[in-house]
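The following note sets out comments on the model for your consideration. The points are numbered for ease of reply.

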Amino acid sequence: MTEIEEIIDALVRFRDKRDWQQFHNSKDLAIAINNEASELLDLFLWKGNEEFDIEKLKEELADIFAFAFLLANKHNLNIKQIILDKIMLNDEKYPVDKAKGTAKKYTEL
């Protein structure tokens with residue numbers, strides 16, 4: 001079992017012990033990811049770029065990852081593969097010779 005599979009297994013066990021699968025439809029999982037991402041943003045509001053509480057950062061990232069892993073699991077998606085696929089797509093959209101050192105969107109390169 002991979003580390004990702006171990007994490008998903010632990011999440012599913014936690015969820016199922018509480019009979020929460022009934023609430024974990026795709027829409028609500030996506031909304032939960034967005035809500036947790038908003039809580040992540042709150043850690044930085046009105047502060048400097050690197051001024052935040054690391055413990056709260058870990059908690060919010062864990063929430064985001066948990067809901068994202070559950071959503072991927074619901075649709076039998078291979079997390080490693082979809083991330084690698086996205087990196088390959090971004091590699092095509094952002095060739096090093098055009099994108100290195102710039103924050104421009106691929107449509108502006």
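1. In this predicted model, the N-terminal end of helix α2 is capped by Asn-25. A side-chain oxygen of Asn-25 lies 3.1 Å from the backbone nitrogen of Lys-27.

2. Helix α2 comprises 17 residues, 26-42. From its first C-alpha to its last it reaches 25 Å, close to the 24 Å expected at 1.5 Å a residue.

3. The buried residues of α2 are Leu-29, Ala-32, Ile-33, Glu-36 and Leu-40. Viewed down the axis of α2, these residues fall within an arc of 100°, so they line one face of the helix. On the other side of α2, the exposed residues are Lys-27, Leu-41 and Asp-42.

4. Against which helix do the buried residues of α2 pack? Their partner is α3, residues 54-74.

5. The largest nonpolar core has 9 residues. Leu-29 of α2 belongs to this core, together with Ile-8, Leu-11, Val-12, Ala-66, Phe-69, Leu-70, Ala-72 and Ile-79. Helices α1 (3-17) and α3 each supply at least two residues of this core, and α3 gives the most, with 4 residues. In soluble globular proteins, nonpolar side chains tend to be buried together.

6. A second, separate core has 5 residues, among them Ile-33, Leu-40, Leu-43 and Ile-64. Ile-33 and Leu-40 are also among the buried residues of α2.

7. Ala-72, a member of the largest nonpolar core, touches Leu-77 and Ile-79, when residues up to four places away in sequence are not counted. Ile-79 likewise belongs to the largest nonpolar core.

Methods
Residues are numbered from 1 along each chain as its sequence is written. This is a predicted model: local features need pLDDT of at least 70, side-chain atom pairs count only at pLDDT 80 or more; totals for chains, interfaces and linings use all residues. Side-chain values use heavy atoms; hydrogens and water are left out. The expected span of a helix is 1.5 Å times one less than its number of residues. Buried means under 20% relative accessible area, exposed over 50%, partly exposed in between (1.4 Å probe, protein chains only). The arc is that of the directions from the helix axis to the C-beta atoms. Contact means heavy atoms within 4.5 Å. A polar contact is a pair of N or O atoms within 3.5 Å; within protein, one must be able to donate a hydrogen and the other to accept it, and residues adjacent in sequence count only if both atoms are side-chain atoms. A nonpolar core is a set of buried Ala, Val, Leu, Ile, Met, Phe, Trp, Tyr and Cys residues joined through side-chain atoms within 4.5 Å.
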